[in-house]
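Trainee: Can we go through this one together? I'd like to hear the reasoning behind each label.

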Amino acid sequence: MLYLCATPIGNLGDISERVLDALRSVDVIAAEDTRQTIKLLNHFDIKKQMIAYHEHNRYEMTPVLVERMLDGEDIALVTDAGTPAISDPGEDLVRECRKAGVAVTSLPGATAFTTALTLSGMSARRFTFEGFLPQDKKEQKQVLERLKDTTVTTIFYEAPHRIIKTLELMKQYVDGPVFEANDNGDVDENNPKKRSLVICKELTKKHEWSMQFDSVESALAYFRKDEPKGEFVIVIEGCDEEELKAKEIAAWSELSIEEHMDVYLSQGMDKKEAMKAVAKDRGVSKRDVYQALLNN
């Protein structure tokens, strides 16, 4: 069997008895960094064989570990900190175990992104965990484009040497033109609203740190003052759905009703379907669209 063992993200008191029992009982421990894991094992007086399993050797080691489990060994997988298979190659090993018929169990524990989410005070009803921002430019843009109009809380991990660059990239998508709507639903384009974010580091440790910023720009100003240190979790507020709707209505209102109808008619819609789509886009009734067309 493969045991996915969540290890502390800072405070050693967060390890569970189930994880400790598994680490003592398995035949071998597959560790992201054996130098880090040995500190954990020594603290709890666990003597066990370890094998390195990380991003740079996963293609070579995955079939080796699967074969060992098929031969009857139990293996525990641990990451440097937190839950395996989240932003690390553990997911590859789990997938191959499933294909080979090897049993997998997960022993839950600390995870940095859920800890940061609960600290942020932002909506946790729906959220997206993106992990580290991709380094590939095309993938990076796809992820950042999703930030523009998302209404859900979004969470990223980032290293200290990249956080300023990452915030600079995010700024143009998060601090974009989302505008306040008044009680009548009208948009004041001279009054852009920024989305807030909470950034955390040293979670569960003695010097745990988190700070709320009212915009990405204000976060950048803060981190540019001193060299950032620590592994960061960035929690970004989602767009307000009513504000997004007001923004969409404002964009469509730049077209006349006839021009708006032509957009859908050119796509092959009949007049009835097109009027319904136009009414929805503009936040009015289908009768209002019909009357406007008659008047013109």
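Mentor: Sure. Start with aromatic pairs: rings of Phe, Tyr and Trp (its six-membered ring) pair if their centres lie within 6.5 Å. This is a predicted model, and a search of the whole structure turns up ten aromatic pairs.

Trainee: Why is the pair Phe 113 and Phe 129 called stacked?

Mentor: Planes under 30 degrees apart count as stacked. Here the ring centres are 4.2 Å apart and the planes sit at 20 degrees, so stacked it is. The pair also links distant parts of the chain, with Phe 113 in helix α5 and Phe 129 in strand β6, 16 residues apart.

Trainee: Are those two rings buried or exposed?

Mentor: Buried means under 20% relative accessible area. Phe 113 has 10%, so that one is buried. Phe 129 comes out at 26%, so it counts as partly exposed. Both belong to one aromatic cluster, along with Phe 127, Phe 132 and Tyr 157.

Trainee: What makes Lys 201 sit over the ring of Trp 209?

Mentor: For the distance part, NZ of Lys has to be within 6 Å of the ring centre. The charged end of Lys 201 is 5.6 Å from the centre of the Trp 209 ring.

Trainee: On to cysteines. How do you know that Cys 5 is not in a disulfide?

Mentor: The sulfur atoms would have to be within 2.5 Å. The closest cysteine sulfur to that of Cys 5 is in Cys 97, 13 Å away, so it's too far for a bond. Cys 97 is in no disulfide either, and the structure holds zero of them.

Trainee: Which accessibility label do Cys 5 and Cys 97 get?

Mentor: The cut-off for buried is under 20%. Cys 5 has a relative accessible area of 0%, so it is buried, and Cys 97, at 0% as well, counts as buried.

Trainee: Why is strand β12 described as largely enclosed by the rest of the structure?

Mentor: Because five of its five residues, 232-236, are buried. Phe 232, Ile 234 and Ile 236 point one way, while Val 233 and Val 235 point the other way. In a regular strand, side chains alternate between the two faces of the sheet.

Trainee: And what makes β7 and β10 partners of β12?

Mentor: Pairing needs at least two bridges. Strand β7 has five bridges to β12, in the antiparallel sense, with Tyr 157 opposite Val 233. Strand β10 is joined to β12 by four bridges, also antiparallel, and there Val 198 faces Val 235. Both counts meet the cut-off.

Terms used
Residues numbered from 1 in each chain as written. Predicted model: local features only at pLDDT ≥ 70, side-chain atom pairs only at ≥ 80, totals over all residues. Heavy atoms only, no water. Phe/Tyr/Trp six-rings, centres within 6.5 Å; stacked < 30°, edge-to-face > 60°. Helix = DSSP H or I, 4+ residues; strand = E, 2+ residues; numbered from the N terminus. Buried < 20%, exposed > 50% of the residue type's maximum accessible area, 1.4 Å probe, protein only. Lys NZ or Arg CZ within 6 Å of the ring centre and 35° of its normal.
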